[in-house]
Amino acid sequence: MSPLLANIYLHELDRYMESTYLHLTANQRKRQRAQGHSNFLYVRYADDFVVLCNGTKAQARAMQEELRRVLDHMGLTLSEEKTKITHITEGFTFLGYWIERSKGATERMVPKVLIPASAIKRFRHKVREILAPSTTGSSTSAKIHALNHLTRGWCHYYRITSSPSGVFKALGYEIFWDIAHWLGRKYKRNMPAIMRRFLHGSTLGTKTAMLVLPTAYKARKRLVKVLYNPYTKEENIERERHFSYEDLWSGIEQAHAGWADLREEVLFNKGTTCALCGTVLHPSEVEIDHILPRTRFKDPQEADRMDNLQILCTPCHRAKTKTDRKVLRRMP
């Protein structure tokens with residue numbers, strides 16, 4: 001609801017900026033500068049906005065006070081904590097990107113959109129959280145899938161920045177060795193043994209899950225294009241990919257730690273044919289069943305032995321589970 005409410009409330013601010021500053025032609029803007037006045041550009045996304053000024057710092061401060069009065073009139077308050085005046089060469093953060101004006105490849109001053117240092121730091125922190133030493137009981141494939149979700153979302157968001165390949169390469173190197181050392185702790189093996197078992201080309205993985213490295217994502221240029229009507233049928237609009245750290249899975253298996261690895265091992269050893277009805281299944285349809293229920297074992301690890309596991313289809317699994325529960329209820 002927050003972005004929707006922001007658009008409703010701040011539509012009035014958009015109209016104010018458009019009618020007061022943004023409607024000027026190129027000649028009118030030149031005349032403004034010749035008279036010692038500044039010109040302004042205004043960009044808003046939900047409740048975040050930036051005003052660019054080509055005048056003095058005093059003129060920028062005057063604009064800040066003007067915006068405060070307009071928002072006060074609308075019943076809103078300008079955030080003192082988040083609002084600041086800075087020179088474009090010093091840069092600023094907007095929508096998770098670092099924007100600055102600096103020397104380009106031709107030694108000319110050009111605008112750049114970069115990955116903020118804080119975003120890189122938070123990405124590294126999330127990787128270390130997923131691969132914490134206390135999580136070695138989780139499945140290898142679960143951890144790989146969790147890291148892949150993080151990498152895909154983060155790299156899709158930042159691949160449109162200026163030359164992201166350097167950052168992607170450095171982070172790819174770190175992720176590779178972070179998970180390699182996590183595997184070493186999990187299986188209590190040295191690096192040569194881990195590489196022999198899990199190395200596949202330039203990445204690490206199992207038979208069913210491969211680690212996606214940031215270097216798999218190439219820079220993508222964003223061309224400036226004005227969409228006068230974003231809802232017109234003539235325009236094929238690609239929506240931005242949503243990325244949130246809060247929604248990411250950390251690879252922790254809540255019900256049965258290590259189950260994904262065990263499932264992969266059963267599929268490898270016993271195939272994908274239902275042990276009761278003989279139906280050949282797709283790997284995603286396979287259900288792993290304990291021949292003797294886990295409740296019959298004092299040590300749960302004994303129940304997970306390969307000779308006590310079998311492949312079943314969903315109908316057979318449900319029928320057997322129902323029968324097992326009846327038997328357990330009759331037992332003294």
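# A guided tour from the sheet to the helices

Start by selecting serine 102, whose place is in strand 4. The model open in your viewer is a predicted one, and every distance and angle on this tour should be read with that in mind. Serine 102 is buried, since its relative accessible area is 17% and the cut-off for burial is under 20%. With its side chain shown, look for glutamate 100, because the two side chains are joined by a polar contact of 3.2 Å. If neighbours within four places in sequence are set aside, the residues in contact with serine 102 are Arg108, Met109, Val110 and Lys112.

Next, colour the strand that lies across from this residue. Which residue of strand 5 is the bridge partner of serine 102? The partner is valine 110, while glutamate 100 has lysine 112 as its bridge partner in strand 5. Selecting residues 97-103 shows the whole of strand 4, which runs antiparallel to strand 5 and is joined to it by 6 bridges.

Now widen the selection to the sheet. Three strands make up this open sheet, in the order 3-4-5, and their pairing is antiparallel. Strand 3 (92-94) and strand 5 (109-114) are the edge strands, each of them pairing on one side only. From one strand to the next, the twist averages 30 degrees. As a reminder while you look along the backbone, strands of a sheet pair through backbone hydrogen bonds, either parallel or antiparallel.

From the sheet, follow the chain into the turn. Strand 4 and strand 5 form a hairpin with 5 residues between them, and the residue to select here is glutamate 107, placed in the loop between the two strands, strand 4 and strand 5. Glutamate 107 has a positive phi of about 70 degrees although it is not a glycine. Is glutamate 107 buried or exposed? With a relative accessibility of 54%, glutamate 107 counts as exposed, because the cut-off for that class is over 50%.

For a short detour, select valine 70, which is found in helix 3 (residues 57-73). Valine 70 is buried, with a relative accessible area of 15%. Apart from neighbours within four places in sequence, valine 70 is in contact with Leu13 and Tyr16. If you also label glutamate 12, you will find that its C-alpha is 9.3 Å from that of valine 70, although the two residues are 58 apart in sequence.

The next stop is a pair of helices, so select residues 140-158 for helix 5 and residues 165-187 for helix 6. Their axes come within 12 Å and cross at roughly 170 degrees, which means that helix 5 is roughly antiparallel to helix 6, as angles over 145 degrees are placed in that class. On the helix 5 side, the residues that meet helix 6 include Ile144, Leu147, Trp154 and Cys155; on the helix 6 side, Phe168, Leu171, Ile175 and Ile179 are among those that meet helix 5. The residues of this contact divide into 13 nonpolar, 2 polar and 2 charged.

Stay with helix 5 and select threonine 140, which lies in that helix. Threonine 140 is buried, with a relative accessible area of 0%. Its side chain makes a polar contact of 3.0 Å with the side chain of tyrosine 187. Beyond neighbours within four places in sequence, the contacts of threonine 140 include Trp182, Leu183 and Lys186, and also Phe198, Thr206 and Asp261.

Continue past the end of helix 6 to lysine 188, whose place is in the loop between helix 6 and helix 7. Lysine 188 is exposed, with a relative accessible area of 69%, and its phi is near 55 degrees, a positive value in a residue other than glycine.

The last stop is helix 7. Begin at asparagine 190, which caps the N-terminal end of helix 7, with a side-chain oxygen 3.0 Å from the backbone nitrogen of alanine 193. Which residues of helix 7 (residues 191-198) are buried? They are Ala193, Ile194, Met195 and Phe198. The buried residues of helix 7 pack against helix 5 and helix 6, as well as against strand 6 (199-200) and strand 7 (203-204). Of these, Phe198 has already appeared on this tour, as one of the residues in contact with threonine 140.

Terms used:
Residues numbered from 1 in each chain as written. Predicted model: local features only at pLDDT ≥ 70, side-chain atom pairs only at ≥ 80, totals over all residues. Heavy atoms only, no water. Pairing = 2+ DSSP bridges. Helix = DSSP H or I, 4+ residues; strand = E, 2+ residues; numbered from the N terminus. Axes fitted to C-alpha atoms, helices over the stretch in contact; angles between N-to-C directions. Parallel < 35°, antiparallel > 145°, perpendicular 65-115°, else oblique. Contact = heavy atoms within 4.5 Å. Nonpolar A, V, L, I, M, F, W, Y, C, P; charged D, E, K, R; others polar. Buried < 20%, exposed > 50% of the residue type's maximum accessible area, 1.4 Å probe, protein only. Polar contact = N/O pair within 3.5 Å; in protein donor to acceptor, adjacent residues only side chain to side chain.
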